Amino acid sequence: VQLQASGGGWVQAGGSLRLSCAASGLIFSNYAMGWFRQAPGKERELVAAMGRVAKTTSYADSVRGRFTISRDNNKKTVYLQMNSLQSDDTAVYYCAAKYGSGTTSTHYTYWGQGTLVTVSS
């Protein structure tokens with residue numbers, strides 16, 4: 001199983017980025033997908049998650065209303081649209097997959113390699 005995250009980069013505060021995570025080696029539609037992030041000196045946190053068929057989502061309070069998670073099961077890809085970025089959003093972002101529909105922060109089995117997002121104020 002491979003999860004390949006991309007789309008990170010440098011952006012000014014207030015700007016936008018879209019992260020993508022392409023999955024291979026698994027039946028994508030059987031897995032809930034999540035985006036996590038880890039900033040320097042901080043614990044990893046769940047940013048957004050989506051159930052198997054996009055009927056359920058969850059967001060961290062800090063990003064709700066600014067970030068949107070979506071998925072394309074035909075392309076085996078999950079996205080994270082990030083708008084109104086703030087310096088506090090600077091982190092390495094990871095995508096992850098877990099079997100089933102849950103959108104909690106636990107029991108993720110597969111992880112991508114991470115993509116760095118830097119927001120400059």
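**Exercise 1.** In which loop is lysine 76 found? State also its backbone angle phi and its degree of exposure.

*Solution.* The structure is a predicted model.
Step 1. Lysine 76 lies in the loop that joins strand 7 and strand 8.
Step 2. Most residues other than glycine have a negative phi. Lysine 76, although it is not a glycine, has a positive phi of about 55 degrees.
Step 3. Partly exposed residues fall between the limits of 20% and 50% relative accessible area. The relative accessibility of lysine 76 is 33%, and therefore this residue counts as partly exposed.

**Exercise 2.** Carry out the analysis for serine 84: where is it found, and what is its phi?

*Solution.* Step 1. Serine 84 belongs to the loop between strand 8 and strand 9.
Step 2. Its phi is near 50 degrees, a positive value in a residue other than glycine.
Step 3. Serine 84 has 40% relative accessibility, so it counts as partly exposed.

**Exercise 3.** Describe the secondary structure and the open sheet that contains strand 7 and strand 8.

*Solution.* Step 1. The protein has 0 helices and 11 strands.
Step 2. An open sheet is formed by 4 strands in the order 1-3-8-7, with antiparallel pairing.
Step 3. Strand 1 and strand 7 each have a single partner strand, so they stand at the edges and one side of each is left without a neighbour in the sheet.
Step 4. From one strand to the next, the twist averages 15 degrees.
Step 5. Strand 7 pairs with strand 8 over 6 bridges in the antiparallel sense. Arginine 71 stands opposite valine 78 of strand 8.

**Exercise 4.** Which strands pair with strand 9, and over how many bridges?

*Solution.* Step 1. Strand 4 and strand 9 form an antiparallel pair with 8 bridges; here phenylalanine 36 stands opposite tyrosine 94 in strand 9.
Step 2. Strand 9 also pairs with strand 11 in the antiparallel sense, over 3 bridges. In this pair, alanine 91 stands opposite valine 117 in strand 11.
Step 3. Strand 10, residues 110-111, pairs with strand 9 over 2 bridges, again antiparallel. Alanine 97 stands opposite tyrosine 110 in strand 10.

**Exercise 5.** Which residues have the most contacts inside the largest nonpolar core, and which elements contribute two or more residues to this core?

*Solution.* Step 1. The largest nonpolar core has 31 residues, and those with the most contacts inside it are Met33, Trp35, Phe67, Ile69, Leu80, Met82 and Tyr93.
Step 2. Strands 1, 3, 4, 5, 7, 8, 9 and 11 each give two or more residues to this core.
Step 3. A second, separate core of 5 residues includes Leu46, Ala49, Ala96 and Tyr108.
Step 4. Consider methionine 33, leaving aside its neighbours within four places in sequence: its contacts include Leu3, Cys21, Ile69, Val78 and Tyr108.

**Exercise 6.** What is the radius of gyration of the protein, and what value would a compact globule have?

*Solution.* Step 1. For 121 residues, a compact globule would have a radius of gyration near 14 Å; the protein has 13 Å, which agrees.
Step 2. Along the principal axes, the C-alpha atoms fill a box of roughly 40 × 25 × 25 Å.
Step 3. Of the 121 residues, 44% are buried.
Step 4. Among contacts with a separation of 6 or more, 57% join residues 24 or more positions apart.
Step 5. The accessible surface comes to about 6200 Å², and 46% of this surface belongs to carbon and sulfur atoms.

How values were computed. Residues numbered from 1 in each chain as written. Predicted model: local features only at pLDDT ≥ 70, side-chain atom pairs only at ≥ 80, totals over all residues. Heavy atoms only, no water. Core = buried A, V, L, I, M, F, W, Y, C linked by side-chain atoms within 4.5 Å. Buried < 20%, exposed > 50% of the residue type's maximum accessible area, 1.4 Å probe, protein only. Contact = heavy atoms within 4.5 Å. Pairing = 2+ DSSP bridges. Axes fitted to C-alpha atoms, helices over the stretch in contact; angles between N-to-C directions. Rg over C-alpha atoms; globule rule 2.2 N^0.38 Å. Areas by Shrake-Rupley, 256 points an atom, 1.4 Å probe, with all protein chains shown as cover.
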